Amino acid sequence: MATAEIYEDEEVIERFLNFEKRSTTHFKDFFDRIKEDRRFLSGEHFDETDDEILGNKRYKAPVDVISNQIRSIANQYSVNPYQWLTKEGQLDFIGSEFLNTTSSKASIMEALKSTVAFGLSYIVISTDYDLNNQVEPILYNIPDVTKVLYDPDSVELDGKDARKAAIIDIKSKDWIINTYGPEYIADKNDKPLVNISEAYDEDSMPLITFFEKTEQGISIYKMLNNSVIEYSVLENVQRLPIIPIYGDSYYLNDKITYKGIVRQARPIQKIID
């Protein structure tokens, strides 16, 4: 990783906002369905119409039958992670190094469960420091896929053609002060770069990591409160380090989208319950 040349905050933020608008519009319906499926799996099986017919005092509990199926299917795929991580084979060398570590296995399993359940997950390849202060590759999944902005123009299943992406982390203001300093804390009336109304907390702020593919490699910007606070470049890297893992594809309103087994099992599970 190399420190990049001079850039203008305003230009970067403008590019990000244009990308955020396009990505949010493109994935909105898909994310809305994922949120519905997550609520269903957590025990919210019945809507207002169901309550009118069946009564609203029915016992609501997580759907264990579907949860067991999710774990069973994810276990089958986790045995051979290379086959679903990428078709290019360019991650094979990484596989022998760290895909079999405890943390990587846990990340793989969580990503697979999300894909099997809801039709989408993201795996991120990054670096960290080991106990000897040596850089080592790490693999982690994004727990909430709706906090990822992905390239709406990407059509490859492993995302190798994606040129832009962003990860939104909701961080406490105490964490931001300790990590970056108090100058980045937003005032009460400041509008964040992204809509965090569903996860709103006046003591938190969105930390945005914005990735752009360029001729030099992958530019990475970290943004807080309308400011670019970190900038670096992954030189000579030809793909974004965020890999999407999709579920079953189908057409909805003449547009390809994806689903997991929760979406497929909902009608039958409601009848059983």
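A residue is called buried here when its relative accessible area is under 20%, exposed when that area is over 50%, and partly exposed in between. The model on screen is a predicted one, and the tour below keeps to side chains that can be selected by residue number.

**First stop: aspartate 37 and its partner**

Select aspartate 37, whose relative accessibility of 2% falls under the 20% limit, so that the residue counts as buried. Now add arginine 263, which forms a salt bridge with aspartate 37, with 2.9 Å between the closest N and O atoms. Because arginine 263 lies in helix α8 (residues 261–272) while aspartate 37 belongs to helix α1, this pair ties together parts of the chain that are 226 residues apart in sequence. Arginine 263 has a relative accessible area of 23% and is therefore partly exposed, whereas aspartate 37 is buried.

**Along helix α1**

Stay on helix α1 and select lysine 28 together with aspartate 32, whose side chains meet in a salt bridge at 2.8 Å, taken from N to O. The two residues, lysine 28 and aspartate 32, are 4 residues apart in helix α1, which means that about one helical turn separates them. Lysine 28 is partly exposed, its relative accessible area being 46%, and aspartate 32, at 29% relative accessibility, also counts as partly exposed.

Next, move to glutamate 14, which is placed in helix α1 (residues 9–41). Select Glu8, Glu10 and Glu11 along with Glu14, and you have the members of a negative surface patch.

**A salt bridge between two loops**

Which residue forms a salt bridge with aspartate 158? Select arginine 239, for the closest N and O atoms of this pair are 3.9 Å apart. The pair links distant parts of the chain, since aspartate 158 sits in the loop between β4 and β5 (164–172) and arginine 239 in the loop between β8 (227–235) and β9 (242–246), 81 residues apart. Both aspartate 158 and arginine 239 are buried.

To continue with charged side chains, select Arg15, Lys164 and Glu212, which are linked in a network of salt bridges. Over the whole model, the count of salt bridges comes to 10.

**Aromatic pairs**

Turn now to the rings, where the count of aromatic pairs comes to 10. Select phenylalanine 30 and tyrosine 258: their ring centres are 6.4 Å apart and their planes stand at 45°, so the pair is tilted. This pair, too, links distant parts of the chain, with phenylalanine 30 in helix α1 and tyrosine 258 in strand β11 (residues 255–259), 228 residues apart. Phenylalanine 30 is buried at 6% relative accessibility, and tyrosine 258 is buried with a relative accessible area of 16%.

A further pair to select is tyrosine 122 with tyrosine 150, which is tilted, with 5.4 Å from centre to centre and 35° between the planes. Tyrosine 122 lies in strand β2 (residues 120–129) and tyrosine 150 in strand β4 (residues 148–150), so this pair ties together parts that are 28 residues apart in sequence. Are these two tyrosines, tyrosine 122 and tyrosine 150, buried or exposed? Both of them are buried.

**Last stop: a ring cluster**

Finish by selecting Phe16, Phe19, Phe210, Tyr221 and Tyr231, which ring pairs link into a cluster.

Key:
Residues are numbered from 1 along each chain as its sequence is written. This is a predicted model: local features need pLDDT of at least 70, side-chain atom pairs count only at pLDDT 80 or more; totals for chains, interfaces and linings use all residues. Side-chain values use heavy atoms; hydrogens and water are left out. Patches are made of residues with over 30% relative accessible area and no salt bridge: like charges are joined within 9 Å, nonpolar side chains (Val, Leu, Ile, Met, Phe, Trp, Tyr) within 5 Å. Accessible areas come from the Shrake-Rupley method with a 1.4 Å probe; for residues, only the protein chains shown count as cover. A salt bridge is a side-chain nitrogen of Lys or Arg within 4 Å of a carboxyl oxygen of Asp or Glu. Lys and Arg count as positive and Asp and Glu as negative; His and the chain ends are not counted. The place of a charge is taken as NZ of Lys, CZ of Arg, CG of Asp or CD of Glu. Rings of Phe, Tyr and Trp (its six-membered ring) pair if their centres lie within 6.5 Å; planes under 30 degrees apart count as stacked, over 60 as edge-to-face and the rest as tilted. Buried means under 20% relative accessible area, exposed over 50%, partly exposed in between (1.4 Å probe, protein chains only).
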